[in-house]
Amino acid sequence: MTGPASDQSAIEVAFVDDDPDLRDANVQALRLAGFAAVPFASAQSALDHIGADYAGVVVTDVRMPGMDGIALFRRLRGLDADIPVVVISGHADVAMAVEAMSEGAYDFIAKPYSTSRLVETLRRAVEKRALVIENRRLRSLAAAPEEDTALLGEAPAIVRLRQTIRDLADVDVDVLVLGETGTGKEVVANLLHQQGRRRDKPFVALNCGALPESVIESELFGYEAGAFTGAQKKRVGRIEHSSGGTLFLDELESMPPAAQVKLLRVLEGREITPLGSNERRRVDLRVVAATKLDLGDPAQRGDFREDLFYRLNVVTLRIPPLRERRRDVPLLFAQFLARAARKYGRDVPVLDRGVERHLVENAWTGNVRELVHFAERVALGVVADMPAAAVQGDVAAASLPERLNVIEANLIRDALEANRGDVRATLEMLGIPRKTFYDKLARHGIDRVSYVVTE
């Protein structure tokens with residue numbers, strides 16, 4: 001799992017001072033200490049760079065021509081009251097710096113100061129800023145509509161998938177979605193529709209495996225009155241109804257051979273002929289088809305038409321199963337748990353090690369769908385397969401980031417225990433850099449040495 005960003009190189013430090021020698025020397029020292037330090041010769045130039053969405057920390061001298069450091073601090077407070085601002089003051093300006101502290105400045109450092117004093121202050125400020133940014137990100141995820149968070153996660157494959165969906169949304173190209181049961185294939189199809197120019201037209205879904213062979217053709221192509229016994233009035237098929245929008249064909253591999261032939265003709269000509277009619281009708285069609293089988297593999301394709309596969313396989317999007325992005329599981333679960341609690345009118349429960357261990361150790365063969373159902377059972381307090389104390393009482397004060405921090409700390413402890421405190425093996429298991437690992441140990445108060453086992 002990925003917790004709050006604690007790598008100080010990920011948070012920018014704006015250093016503002018009109019003295020070029022002091023400014024350059026401090027910036028160089030901060031960069032050597034591992035900070036992403038950026039110099040600014042004036043308060044105005046810093047403001048021009050920072051903007052309302054700045055995700056960094058600011059260090060500013062008090063005495064500067066034009067706008068001074070106190071005025072800069074107050075302007076920054078107006079942009080974002082949570083930006084940590086460290087004020088550097090000379091002896092004559094200490095009273096001004098103290099006043100800024102009373103108004104919310106993060107800290108002030110009196111001249112002359114040592115580099116170690118500045119570095120220590122900034123390490124704490126950067127950590128605070130990283131937590132604020134993470135809290136905001138998680139709050140926005142919790143408040144976002146379901147379709148925006150269905151592909152939540154930070155695994156590289158999921159990040160690439162989200163970007164590819166954005167890139168393809170406005171492109172009129174048929175798409176094949178490959179993924180195991182429960183990975184969210186219909187979610188991907190919906191996102192392709194909602195993020196593109198077809199969003200105001202129908203999104204029409206058909207599960208090819210849920211309809212008998214005798215019905216699927218009439219569902220797809222429609223029919224005229226009297227086309228067959230029981231056809232008392234005209235029916236518009238799913239393909240024609242989706243014209244201008246998106247047709248989603250789930251479980252494509254289950255489509256009967258006869259329907260495959262007719263679908264291939266529709267895809268090639270963008271025309272349909274309803275049952276009982278000789279009239280060809282043009283359709284503005286975009287097809288997103290989903291399958292759990294690799295139809296490019298003859299052994300898996302079976303009697304599915306190879307030419308239809310290649311016609312649909314203009315672009316293939318593969319959704320990774322949860323076992324390939326296990327570090328996303330706690331974040332996904334927290335999101336689904338919060339949503340389930342809202343759905344059932346419950347407070348979000350605090351989790352103990354039983355649920356947390358299940359999140360880490362379960363195989364999740366049902367993928368995201370299984371995780372959603374598990375979150376709903378936890379929200380309702382009916383987790384039969386967990387230890388008796390797995391779900392504790394409601395604690396309204398426990399925020400989503402706080403619960404994620406508990407899970408992250410337990411994952412680190414479990415990894416240390418499994419590897420007897422060996423740092424290299426623990427880093428490999430967690431998949432995080434050494435610097436990030438030690439930052440997390442400090443934040444969670446974990447003593448690595450206590451896990452070392454001597455023979």
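Valine 87 stands opposite phenylalanine 108 in β5. The model is predicted, and in it strand β4 (residues 85–89) and β5 run parallel, joined by 4 bridges. Elsewhere, the structure holds 5 aromatic pairs, and two of these topics are taken up below after the strands.

**Strands β4 and β5**
- Helix α4 (residues 94–102), together with β4 and β5, makes a right-handed β-α-β unit.
- Side chains alternate along β5 (residues 107–110).
- Asp107 and Ile109 point to one face of β5 and are buried.
- Phe108 and Ala110 point to the other face and are not buried.

**Phenylalanine 203 and phenylalanine 248**
- Among the 5 aromatic pairs is a stacked one: the ring centres of phenylalanine 203 and phenylalanine 248 are 6.1 Å apart, with the planes at 20 degrees.
- This pair links distant parts of the chain, 45 residues apart: phenylalanine 203 is in strand β7 (residues 203–207) and phenylalanine 248 in strand β8 (residues 246–250).
- Phenylalanine 203 is partly exposed, at a relative accessible area of 22%, whereas phenylalanine 248 is buried, at 1%.

**Phenylalanine 333 and phenylalanine 374**
- The rings of phenylalanine 333 and phenylalanine 374 have centres 5.6 Å apart and planes at 35 degrees, so this pair counts as tilted.
- Phenylalanine 333 belongs to helix α14 (residues 329–344) and phenylalanine 374 to helix α16 (residues 367–380), so the pair ties together parts 41 residues apart in sequence.
- Both phenylalanine 333 and phenylalanine 374 are buried.
- Together with Trp364, Phe333 and Phe374 form one aromatic cluster.

Terms used
Residues numbered from 1 in each chain as written. Predicted model: local features only at pLDDT ≥ 70, side-chain atom pairs only at ≥ 80, totals over all residues. Heavy atoms only, no water. Buried < 20%, exposed > 50% of the residue type's maximum accessible area, 1.4 Å probe, protein only. Helix = DSSP H or I, 4+ residues; strand = E, 2+ residues; numbered from the N terminus. Pairing = 2+ DSSP bridges. Right-handed = clockwise from strand over helix to strand, strands pointing away. Phe/Tyr/Trp six-rings, centres within 6.5 Å; stacked < 30°, edge-to-face > 60°.
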